[in-house]
Amino acid sequence: MTEKDPGQDPRLPEDARLASLDERLRQAQADEAERTGRNRKPADSGEQLGNRVLSYLVGGMLGGAAIGWALDQLLDTSPWLLLVMLFLGTAAGFWNIIKLSNQRPK
């Protein structure tokens, strides 16, 4: 054989074992894509926007609560700074959501 590509001789009929192997390989690749989530469609812009809004709100609240709790521990003012910073963190989260909603779509 002087061909550069190794493989089955095109003059011979296809071997049933090769067809079975190809089918099993395709099935294994599909199973692996399902297991790892590679066949999932990418998130659309609405889903991405919803995730951003949720992260702004939760992040503002948790960040404010963490800073307030730390300051309360340092200054022994429990629970006042926690409450104030929680409120400010929530307000900052809503402010970021308002700024996000006022942006023009791209």
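Here is a quick tour of the salt bridges and a surface patch in this predicted model.

Residues are numbered from 1 along each chain as its sequence is written. As the model is predicted, local features need pLDDT of at least 70 and side-chain atom pairs count only at pLDDT 80 or more, while totals for chains, interfaces and linings use all residues, and side-chain values use heavy atoms, with hydrogens and water left out.

Let's start with the salt bridges. Searching the whole structure turns up two of them (a side-chain nitrogen of Lys or Arg within 4 Å of a carboxyl oxygen of Asp or Glu).

| Acidic residue | Basic residue | Closest N and O atoms |
|---|---|---|
| Glutamate 23 | Arginine 26 | 2.9 Å |
| Glutamate 32 | Arginine 35 | 2.7 Å |

Glutamate 23 and arginine 26 sit three residues apart in helix 1 (residues 16-36), about one turn of the helix. Glutamate 32 and arginine 35 are both in helix 1 too, again three residues apart. Helices here are DSSP runs (H or I, at least four residues), numbered from the N terminus.

How open are these side chains? Glutamate 23 is partly exposed, at 44% relative accessible area, and glutamate 32 is partly exposed at 30%. Arginine 35 counts as exposed, because its relative accessibility is 62% (buried is under 20%, exposed over 50%, partly exposed in between, with a 1.4 Å probe and protein chains only).

Now for the patch. Leu54, Val58 and Leu62 make up a nonpolar patch on the surface, together offering about 280 Å² of accessible area (patch residues have over 30% relative accessible area and no salt bridge, with nonpolar side chains joined within 5 Å; areas use the Shrake-Rupley method with a 1.4 Å probe). Valine 58 belongs to helix 2 and is partly exposed, at 38%.

Notes. Patches are made of residues with over 30% relative accessible area and no salt bridge: like charges are joined within 9 Å, nonpolar side chains (Val, Leu, Ile, Met, Phe, Trp, Tyr) within 5 Å. Helices (H or I, at least four residues) and strands (E, at least two) are DSSP runs, numbered from the N terminus.
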